[in-house]
Amino acid sequence: MSAFQWLNDQFDLFGLPVYWSDFLGNILALATVWLALRRSLVAWPVQILGSVLLLVASLNVHLGGNAARQIVIIVSASWGWATWKRSREQEGTINVRWARWTERTALTAAMVLGTAAFGAVLKWTDASFYPGAPTWMVLADAWIFVGSILAMYSQARRYVEFWFVWLAVDLVGVPLAVHSELYFSGIVYGIFFVMVLLGIRDWASRSRPQEIASPLEPAVLVEGRDDTRLGAAD
């Protein structure tokens, strides 16, 4: 028996059978969001480890699409880790900012067009849920996949909008998880939702002063905190 075989074992959680790999992967995913809220470099290796565990969980239940998503997240997190590390070395901290309107438009277009395109691929290959799955389920699956990639990109670029992308993912992820009877994942998505709201508020208040309009305020200038008084992120 492999030393890691126990990751494929199940245990009882509030009367529900849960895989250890799924449980630990989601716990690390929650830790990742909390660390991202603090703008900590540790968020990236934690996310990579969590995605490895969720990859194991996905392969264990033959969810090829979600397994592919974890691989993309691992690669994206590696890039994001290097980006944040370079930023802290150059600026002394992890500064965040609102995206420009052109960047916001590009993210929105990528979300919509990417979901449609990837959803068509999933539908054509019957790679989402089960053969003949309803189109709305396939599109929801594609939305979560594309949204996760764009959230990772936005996080690496240190856009405040990164939290809004995760919010869009959670709004679809919670009902989809419950509908699919993945109740533990649904609970985790629900916790994500609350943490994302906290993240929006925190990163928005920390955004650097710049002439980029915040979608939350009509003012032209977004006021930021003085990070030299707050101290550098972990």
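**Exercise 1. The faces of β1**

Which residues of β1 form its covered face, and which form its uncovered face?

*Solution.* The model is predicted, and every step below is read from its coordinates.

Step 1. Recall the general rule: side chains in a regular strand alternate between the two faces of the sheet.

Step 2. Sort the residues of β1. Phe11 and Leu13 make up the covered face. Gln10 and Asp12 make up the uncovered face.

Step 3. Find the partner strand. β1 pairs with β2, residues 16–19, in the antiparallel sense, and the pairing runs over four bridges. One of the bridge partners can be named: glutamine 10 is matched with tyrosine 19 in β2.

**Exercise 2. The hairpin turn**

Describe the turn that joins β1 and β2, and state whether phenylalanine 14 is buried or exposed.

*Solution.*

Step 1. Two residues stand between the strands of this hairpin. Phenylalanine 14 lies in the loop between β1 and β2.

Step 2. Check the backbone. Phenylalanine 14 has a positive phi of about 55 degrees. For comparison, most residues other than glycine have a negative phi.

Step 3. Check the accessibility. Phenylalanine 14 has a relative accessible area of 76%, so it counts as exposed; the cut-off for that class is over 50%.

Step 4. Look for a residue distant in sequence. Phenylalanine 184 is 170 residues away along the chain, and the two C-alpha atoms are separated by 9.8 Å.

**Exercise 3. Arginines in loops**

Place arginine 39, arginine 158 and arginine 100 in their loops, and assign each one an accessibility class.

*Solution.*

Step 1. Locate them. Arginine 39 sits in the loop between α1 and α2. Arginine 158 is in the loop between α5 and α6, and arginine 100 is in the loop between α3 and α4.

Step 2. Classify them. The cut-off for buried is under 20% relative accessible area. Arginine 39 has 2%, so it is buried. Arginine 158 has 15%, so it is buried. Arginine 100 has 42% and therefore counts as partly exposed.

Step 3. Read the phi angles. Arginine 39 has a positive phi near 55 degrees. For arginine 158, phi is also positive, at about 65 degrees. Neither arginine 39 nor arginine 158 is a glycine.

Step 4. Give a distance for arginine 100. Tyrosine 159 is 59 residues from arginine 100 in sequence, and their C-alpha atoms are 9.3 Å apart.

**Exercise 4. The largest nonpolar core**

Which residues of the largest nonpolar core touch the most other members, and which element gives the largest share?

*Solution.*

Step 1. The core has 49 residues, and those touching the most other members are Phe162, Trp163, Phe192 and Trp203.

Step 2. List the elements that give two or more residues to this core: β1 (10–13), α1 (20–37), α2 (43–60), α3 (64–91), α4 (101–125), α5 (135–156), α6 (162–179) and α7 (183–206). The largest share is that of α7, with nine residues.

Step 3. Follow one member. Leaving aside residues up to four places away in sequence, tryptophan 163 touches Val33, Ala36, Leu37, Met195, Val196, Gly199, Ile200 and Trp203.

**Exercise 5. The second largest pocket**

How many residues line the second largest pocket, and which lie nearest its centre?

*Solution.*

Step 1. Twelve residues line this pocket, and Arg104, Leu107, Thr108, Phe164 and Val165 lie nearest its centre. The volume of the pocket is about 240 Å³.

Step 2. Assign the lining to elements. At least two residues come from each of α4, α5 and α6. The most are given by α4, namely five.

Step 3. Sort the lining by class: nine residues are nonpolar, one is polar and two are charged.

**Exercise 6. The whole chain**

What pattern do the strands and helices follow along the sequence?

*Solution.*

Step 1. The protein chain contains eight helices and two strands. Their order is β-β-α-α-α-α-α-α-α-α.

Step 2. The chain has 234 residues, and 47% of them count as buried.

Step 3. Take the contacts with a separation of 6 or more. Residues 24 or more positions apart account for 65% of these.

How values were computed: Residues are numbered from 1 along each chain as its sequence is written. This is a predicted model: local features need pLDDT of at least 70, side-chain atom pairs count only at pLDDT 80 or more; totals for chains, interfaces and linings use all residues. Side-chain values use heavy atoms; hydrogens and water are left out. A nonpolar core is a set of buried Ala, Val, Leu, Ile, Met, Phe, Trp, Tyr and Cys residues joined through side-chain atoms within 4.5 Å. Buried means under 20% relative accessible area, exposed over 50%, partly exposed in between (1.4 Å probe, protein chains only). Contact means heavy atoms within 4.5 Å. On a 1 Å grid over the protein atoms alone, a cavity is a set of points where a 1.4 Å probe fits but cannot get out, and a pocket is an open set with protein on both sides within 12 Å along at least five of seven lines; lining residues have an atom within 4 Å of a point. Grid points are joined across faces, edges and corners, and a volume is the space filled by probe spheres set on the points. Ala, Val, Leu, Ile, Met, Phe, Trp, Tyr, Cys and Pro count as nonpolar, Asp, Glu, Lys and Arg as charged, and the others, Gly among them, as polar. Two strands pair if DSSP finds at least two bridges between them.
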